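Reader: Please take a close look at the ligand site and the strand pairing that goes with it. I would like the cut-offs stated along the way.

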Amino acid sequence: MSEPVLSLDAVEKCYNRGLPGEVSVLRGASLSVAPGEVVALVAPSGAGKSTLLHIAGLLDTPDSGAVRIAGADMTGQSDRRRTAARRADIGFVYQFHHLLPEFTALENILLPQLAAGTPRAAAEARAMDLLTRVGIAPRAGHRPAALSGGEQQRVAFCRALANRPRLLLADEPTGNLDPGTSDTVFGALMELVRETGLAALIATHNLDLAARMDRTLHLETGRLV
Ligand SMILES: Nc1ncnc2c1ncn2[C@@H]1O[C@H](COP(=O)(O)OP(=O)(O)OP(=O)(O)O)[C@@H](O)[C@H]1O
């Protein structure tokens with residue numbers, strides 16, 4: 001079997017250790033996601049989904065345990081190395097789109113590519129290709145305020161995948177949309193993920209959406225089952 005794109009091994013995370021507000025969130029959480037695999041992460045509110053995604057995305061560090069991205073152990077690496085790995089290998093989508101309001105849809109997808117050194121013509125071609133795949137190429141010149149919630153989220157998906165990451169991490173990517181729109185927009189995300197063949201870990205409360213992924217992990221009392 002090919003090497004996992006993401007693996008967490010016995011990850012522990014406690015906030016406010018030793019203080020009155022101590023909360024032990026992850027207690028030996030282990031998982032792995034293979035190339036091309038789409039995994040649902042389901043958990044009750046407050047169970048630690050965001051904490052787990054932040055650790056998997058190298059935005060936070062575990063108290064103990066290992067995080068590997070494409071086989072490289074990120075435990076104990078410098079902030080600089082972790083940031084480089086995050087930029088090169090990981091795309092993020094959140095519940096809210098977090099697009100930059102003063103830039104058009106196209107420009108929002110261009111920016112991370114230009115920051116990574118992609119020539120402008122290639123970056124524009126990539127952005128238009130992604131917008132076409134999610135069905136909103138005619139909206140390329142619109143600013144976020146002139147897009148519907150579902151369209152904004154589609155742009156956010158394109159932005160997350162613009163630099164061809166190996167791993168997509170998504171936290172309730174359609175949680176802000178009404179059920180009908182959520183269903184369609186999630187379909188667009190799944191098509192994009194399948195076409196690009198990347199690994200994805202997608203947190204959702206929606207069990208219908210979870211059933212459309214390859215398998216589901218439940219986060220319960222700090223572990224994945
Ligand atoms: N920086 C922090 N300091 C202290 N406690 C925190 C911190 N971040 C999260 N927590 C606590 O850790 C627990 C898990 O939080 P987390 O945000 O990971 O949950 P979640 O599963 O993503 O929740 P939701 O689905 O409601 O967004 C919660 O009890 C939360 O209050």
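Author: Strands β1 (residues 6-15) and β2 run antiparallel and are joined by eight bridges; pairing here requires that DSSP find at least two bridges between two strands. Within this pair, Ser7 of β1 faces Ser32 of β2. β1 also pairs with strand β4 (residues 64-69), again antiparallel, over five bridges, and there Leu6 stands opposite Ile69. The elements are DSSP runs numbered from the N terminus, helices (H or I) of at least four residues and strands (E) of at least two. The model is predicted, with local features requiring pLDDT of at least 70 and side-chain atom pairs pLDDT 80 or more, while totals for chains, interfaces and linings use all residues. Residues are numbered from 1 along each chain as its sequence is written.

Now the ligand. Its shell consists of Tyr15, Asn16, Val23, Val25, Ala43, Ser45, Gly46, Ala47, Gly48, Lys49, Ser50 and Thr51, where a residue is near if its C-beta atom, placed from the backbone, lies within 6 Å. Tyr15 is also the last residue of β1. Two or more shell residues come from each of β2 (23-33) and α1 (49-56). Val23 and Val25 fall in β2, and Lys49, Ser50 and Thr51 in α1. With three residues, α1 supplies the largest share of the shell.

By class, five shell residues are nonpolar, six polar and one charged. Nonpolar means Ala, Val, Leu, Ile, Met, Phe, Trp, Tyr, Cys or Pro, charged means Asp, Glu, Lys or Arg, and the others, Gly among them, are polar. The charged residue is Lys49, and the nonpolar residues include Tyr15, Val23 and Val25.
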